[in-house]
Every structure is written in structure tokens, then in C-alpha cells.
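Reader: I've just opened this one and I'm not sure where to begin. Could you walk me through it?

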Amino acid sequence: MRTGAGAGHTGYVHEALLYDSDDELLAVVLPFLLGGIEAGELTAVSLDVRNAELVRRALPAGTEVTFLPGGDVYARPTAAIRAYRELFASFAATGTSQIRMVGELPPLLLGATWDAWARYESAINHVYDDFPLWGLCAYDRRVAPPHVLADVARTHPRLALSDGRHEPTDVYTEPATYLAECRPAPLDPVQHTVPVVELVDLTPAQARDAVRAADAGRLPPDDLDDLVIAVSEVVSNALRHGTAPVCLRLWRAPDRMVVTVHDRGPGPKDPYAGLLPAGDGSEGGLGLWISHQSCHHVTHHRDADGFTIRLTVGNPHFPV
Amino acid sequence: MTGGDVTGPGYGHGCLAYADPAVRHALEVEQVTAGLAAGEQVWLVGPEEPEVVTGRLASVPGFAAARCRGDVRLLSVGQAYRHDEVADPGEQVRAYVRATTEALTAGYTGLRVVAEATGLVRTAAQRDAFARYEHRIDHWMRHRPMSAVCAYDRRVLDDAAIAELACMHAQTNAEVLFRLHAGGDDAAVALGGELDPSNHRLFATALERADPRPVAGRLVFDASHLRFVDHRSLLHLRDHARRRDAVAVLRTRYRAPARLVELLGLTGLLVEVVR
């Protein structure tokens, strides 16, 4: 029997927690965790070091809450989905009636790569729905910009309030609709410069060669291999599913490589493209997912001119 | 002759795709010169009359005497192969095994062949059988003192037909992105170049024709010269081995395939990184 906001639900209860102070954060998180413990549910915390310590100190000694190591679970959305699905599956395997978890994205992710995390927040309404999960996503209103908070409202069905109430966000948008919208990501400043490489109607092999040649030892070898894989996959996809001409542009910055691949087609139809593996690979469908796993940031952009996918390997967190 | 990868294996089984006969003629001169210098018996196999070939090679020092001694043999395609029929790969391999043995018995250091084989691969059925033969003789050449260059005429065969044959050679000047040939040590086959969606079908055909067999439940692919492999090809290798009740082992110099295998949670495919 699930308790709290999860009572009566069968899947994922996805709530946002917007706070302005430590006290407001604790006012929601402590009852959330203690209520779970009292009900015999599994409870977990995935906050940054400071806030995790804040919660740890506020909990009664010996409280059985799992504090997840930060690390690189939030290195990229697809990796977070993989890691959390494995975690929730292991929790669910214990037979717990509900999993309660409070998490918070590092502030860095509310900047240049937010578009990808907004997609993540939307997609997980579907992706985690096969677990008896009650999740609180904490956002510090002092840090999160207004456009981020607007996306948070559209990707979370409900808000958890400090007075114990749970209110609909009213603007929640189903993932299939939200993910299909064009959500322009900010241009990487390096895109305002002349690309190092510009190729039209190329083969995947030419694309790979171009990336290797442009790198010239700048990226760590594994990062270069990952970018080569990603570029090869998106060029193959564009050639197979897109509309010619396919154009690749590549820019180099001291700490990253940025590659865009554009075609005149509408882009992938699957709203979860890149976030979830499509099929078992025998009929294709894994390529875009692999590209998202291989890069530090991937953006999708649609306009009247076609579809552009941008791949960044290296540091994608330029100032916005 | 290039393999697209100059560090590829050094044994001699090459494929020359040519449109200008002068290119093939120059190769013949080069091969005869090298073969005689190495004490090998040299076979030139082609559709031309012996007098025509003799005239072309007259400038090679010692050629006339070498031909009289049998150091160089000029053979018609029909003499060396079952012409205008679909090749029997096993029979053809046995013929060259015999020829190599006879050359060694006669005191030569090995057998070197230059074969203009266009007439043997005009139809799809001929190419299918000949490609299977190419791979089987490749294993012989990898381990025994026989070398060969197979020449194919671009004016007769289209790019796709030439690619079917060229990809079965360790070295080729044809524009094929990958090569599949005999492996060394415990490797059933060796892979070179790059595998991606653009050549997945050709690769599947080549692998089916090579039909590598596992040893002790392991089907080892020497991929040390395979610079890129996509997930589809990894799945294909895994499935090929699985159909033979074996685990596929990809031996590579790169770490990326191992990361793909881990990412996809693939079982039945082991990646061994070698340096």
C-alpha cells in the first residue's frame, strides 16, 4: 500500500519542489523522508554535497535513508535514465511498496545544457512510470532562471508545498507533446565563428575522417572516439531518414568540439528520440541513443529549414 | 597496391581494380621482377596470348631465360581455373596447394601468381563462388609461401561487383571501406578498415562467404586494423557467432567497441583490447 502523494497511484508520482531557503527545502524533504521510513518504504536522497549534508544533519540519528553519491549520474540525461532505472529496479526488487526519492540537478545544468535536462524532466514521466516511485525534484528559486522554472512547471504534474499540500502545476504537458515542441537551445558562442569544417553530402566515413583530422590531439582519446561514433551515427541517420542535402559543420574551441549535422527533413518522429533506445538494434533505432550517450551535450533543433542536431564533446557549459 | 591501412598484414594477397590495362601491365612487370629476385616461380594468368605477354615482359632482365626454365609460366585462365563456370572453391584451392607444393619441390622458394580473373566473376553466382574461393586461398597464402594479385577490370565489372571481391583481400586499391581476410594465430578472420551502415550489407555477405568457424566455443576476430566498428556490425558479429554456438571475440586496439558493448549490455560478444 503506497502512502503520501503516491497513495492510490500505480506508477510515477513526479513532483517539483520549489524552494527559497534551506528551511523551505527541509520543510518538505524531512516529512517526505520520515513519512517513507515510517511506512516502511525505501527512501533515497540525490542532492549535491551541501544540501545532502543539510538534510543528513536534520534527520534523526540512525534514520535509514540512502544517500546516493553525486558523481556523474547527471553527466548526461541518457546516462541518468540508465542509472536511475537500474537503481529503481533494484529497489523495486526488494518488494517495497513505494520508493521515495528527492533529487536536485546541479546548478550548472540549469545553464547551457538546460534544454536537454528539460527533455529529461519531461521524458521521465513516462520512463520511470513502471516503478512505484514518488519523486521530488528540488529547484532553488534563487538560482533557477525564469525560463527553467517555466519548463519545470510544464514537466511536473504537481508541486509539493511546504505546508504539506500537493497542487497541480496546471500547465503540465504530456511528454509526447512537450518533447515534440521545438525548444531552441542557445547557440554555442563558437558557432558564431567560421566552422573549421563544412561538408555537404558526405558519407559517414568522410564525417569520421573530418572529426579525426580536426581534433589533432586536442580531445582525450576516449572523448574523440565517442565524438567519432556520435557523428557517424547522426550522419548515417540523416542520410537514411533525412532529406538531402546533409551538411556537417565542425567548430573547435580550446575545451570542446562542436559538430552540427543538418538536413532538410523534419527530424525524428519519436518524441523520445535519443533519450531511450528504440528497439534492440537489429532494425536500427539505437544510433541516436548511442550519440546522446557518447556526447556531453546534444541538442535537437527544428525550423522551416529542416532539422539540426548539435553534438558537443568536452565542456558544454558555456556562459548563457 | 594499398590496403587503406599501410600497417596491415604483410602477406601477399592483393586485389587490383584497374580500368587502364597499362596499370595491370606495370603490375605484371613489378611482380615478375620481384618473384624472380626472390627465387619464386611466377604464374601470369590471363586471357591474352602468351606471345603478347612475352612481348610486354621482354624488358624484365632475365625474363627470356626464366621463361625457358619454367621460372615464369604464362597460363590462360582456362589452364589455371575452370573458366566460364562457377568455381568450385575447394577444388580451386587444392589446385593451388598442389602448385605451391610442386614449386617448392622444384626448388623454388614459393609461388607467386598474377591472375586477371575478370572473366571468372561476371555473374552474381560466379562472384559468390569466387569470393568464397578467394577467402579459402587467402588462408593458404597467409600461412604458406604463395602470394597472388587478383586483377579485375573496372570496364567490365561495376563498383559493387568489384567491392564484393576486393573486400576479401588484405590489400587492395579498390575503394572498399573494410577488408575481411585470413587471421593469424587463433583468429578465424581478420578485419581491417571501417564498418558502418554504408557497408553493412556487403560485410554481412562477406562474412557469410568467409564462414569462419569457432574453436572451443570462441569465434575470434582479429580487429587490430579495424579502425571503426558501429553497433550494428557488433551485433552482426555476435549473431554470427551465436548461430554457431560460440561467443564472438573482437580483438582490437581501440577501447570504443568495449564501451559500446557495455553500453548496450551485449552478451555473447567479448572485446579484448590489445596493444
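Author: Sure, let's start with domains. Keep in mind that this is a predicted model. The domain assignment splits chain B into domain 1 (13-176) and domain 2 (189-273).

Reader: How far apart are the centres of domain 1 and domain 2 of chain B?

Author: Taken over C-alpha atoms, those centres are 30 Å apart. Where the two touch, domain 1 of chain B brings eight residues to the contact and domain 2 of chain B brings five.

Reader: Which helices supply the side of domain 1 of chain B that touches domain 2?

Author: Look at helix H6 (124-143) and helix H7 (159-166) of chain B, since each supplies at least two residues there. H6(B) gives the most, with four residues. Sorted by class, that side of domain 1 has four nonpolar, one polar and three charged residues.

Reader: Okay, zooming out: how many helices and strands does chain B have?

Author: Ten helices and eleven strands.

Reader: And how do I read the radius of gyration of chain B?

Author: Put it beside what a compact globule would have. For 275 residues that is near 19 Å, and chain B has 19 Å, so the two agree. For the outline, the C-alpha atoms of chain B fill a box of roughly 65 × 35 × 30 Å along the principal axes.

Reader: What share of chain B counts as buried?

Author: Of its 275 residues, 50% do. A last thing to look for is how the contacts span the sequence. Take those in chain B between residues at least 6 apart: 72% of them join residues at least 24 apart.

Definitions and conventions:
Residues are numbered from 1 along each chain as its sequence is written. Chains are lettered from A and ligands numbered from 1 in the order in which they are written. This is a predicted model: local features need pLDDT of at least 70, side-chain atom pairs count only at pLDDT 80 or more; totals for chains, interfaces and linings use all residues. The radius of gyration is taken over C-alpha atoms; the globule rule is 2.2 Å times the number of residues to the power 0.38. A residue is buried if 20 or more other C-beta atoms lie within 10 Å of its own, exposed if 12 or fewer, and partly exposed in between; C-beta atoms are placed from the backbone. Two residues are in contact if their C-beta atoms, placed from the backbone, lie within 7 Å. Domain bounds come from an automatic or database domain assignment. Ala, Val, Leu, Ile, Met, Phe, Trp, Tyr, Cys and Pro count as nonpolar, Asp, Glu, Lys and Arg as charged, and the others, Gly among them, as polar.
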